Amino acid sequence: MWKVNVKDLIKERRKVIEGIYAPEFVELHTGTYKVLHGGFKVKMVLTYADNKILLGGYARGYVERPCDRCLKLSEMYIDGIIEAVYTFEKKPLSKNEELKDLANEILLTGDIIDLEERIVEGIVSSAPDVFVCSPDCKGLCPYCGADLNEESNHTCKAMEEEQIDPRFAKLLKIKHTQEG
């Protein structure tokens, strides 16, 4: 489903591909996560123009990921942007020119374009580095690990009995003196 014949595309000039990309898991830069709700909704438009094939589209879906504050498994929405330019000829560039060239063109070497790589690329590049289950998530107590979302008036003995680094004991004494 995610493969396109280049010769057919050149004849048609434009092709729209829609479907569900449904792997069981997806590997992101922060870990491997379970894909939810049957997969990612994908829509792509391929256009042949000026001896190049332009690809644009999206992959939208949910994965199950732990919140970075409270560690509860939550649904993380990913709105992946898919884009690429396929070319039949690539001009040889020197190393300095390669660094300056932002065309990001992919050289076509066969008669088939495998779009799955672009779908995965769109999902991975659009996934956030930090994920929280909600903007007001309070996270975990740094002393005992209690979920502060469930215990709004949380106080723990570990926090009260916190060991003060002896190097800062004099500063703590000054603080208490100034506070009265």
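**Entry 1. Burial and surface**

I began with burial: of the 180 residues in the protein, 29% are buried. I note here that the model is a predicted one. For the surface as a whole I read an exposed area of about 12,400 Å², of which carbon and sulfur atoms supply 51%.

**Entry 2. Elements and contacts**

I then looked up the secondary structure and recorded 5 helices and 8 strands. Along the sequence I noted the order β-α-β-β-β-β-β-α-β-β-α-α-α. I also checked how far apart in sequence the contacting residues lie. Among contacts between residues at least 6 apart, 57% join residues at least 24 apart.

**Entry 3. Strand β3 and its partner**

I turned to strand β3, residues 25-28. Which of its residues lie on the covered face? I found V26 and L28 there, while F25 and E27 make up the uncovered face. This agrees with a general pattern, since side chains in a regular strand alternate between the two faces of the sheet.

I next looked for the pairing of β3 and found 4 bridges to strand β4, residues 31-49, with the two strands running antiparallel. For F25, I identified K34 as the bridge partner in β4. The two strands form a hairpin, and I noted 2 residues between them.

**Entry 4. Salt bridges**

How many salt bridges does the protein contain? My count came to 9.

I examined the pair D79 and R60, whose closest N and O atoms are 2.9 Å apart. D79 belongs to strand β6 (residues 73-87) and R60 to strand β5 (residues 52-66), so this salt bridge ties together parts that are 19 residues apart in sequence. I recorded both partners as partly exposed: D79 has a relative accessibility of 36%, and R60 has a relative accessible area of 34%.

I then followed K72. One of its salt bridges is with D147, where the closest N and O atoms are 3.5 Å apart. This pair links distant parts of the chain, because K72 is in the loop between β5 and β6 and D147 is in the loop between α3 (116-126) and α4 (157-160), 75 residues apart. K72 also meets E150 in a salt bridge, at 3.0 Å from N to O. E150 is likewise in the loop between α3 and α4, so its pairing with K72 ties together parts that are 78 residues apart in sequence. I therefore logged K72, D147 and E150 as linked in a network of salt bridges.

Are the members of this network buried or exposed? I found K72 partly exposed at 36% relative accessibility. D147 is buried, with a relative accessible area of 10%, whereas E150 is exposed, with 58%.

**Entry 5. Cysteines**

I searched the whole structure for disulfides and found 0. Why do C133 and C67 not form one? Their sulfur atoms are 3.7 Å apart, which is too far for a bond, because a disulfide needs the two sulfurs within 2.5 Å. C67 holds the cysteine sulfur closest to that of C133. I read C133 as partly exposed, at 35% relative accessibility.

I made the same check for C144. Its closest cysteine sulfur is in C141, at 3.8 Å, and this too is too far for a bond. C144 is partly exposed, with a relative accessible area of 43%.

Terms used. Residues are numbered from 1 along each chain as its sequence is written. This is a predicted model: local features need pLDDT of at least 70, side-chain atom pairs count only at pLDDT 80 or more; totals for chains, interfaces and linings use all residues. Side-chain values use heavy atoms; hydrogens and water are left out. Buried means under 20% relative accessible area, exposed over 50%, partly exposed in between (1.4 Å probe, protein chains only). Two strands pair if DSSP finds at least two bridges between them. A salt bridge is a side-chain nitrogen of Lys or Arg within 4 Å of a carboxyl oxygen of Asp or Glu. Contact means heavy atoms within 4.5 Å. Accessible areas come from the Shrake-Rupley method with a 1.4 Å probe; for residues, only the protein chains shown count as cover.
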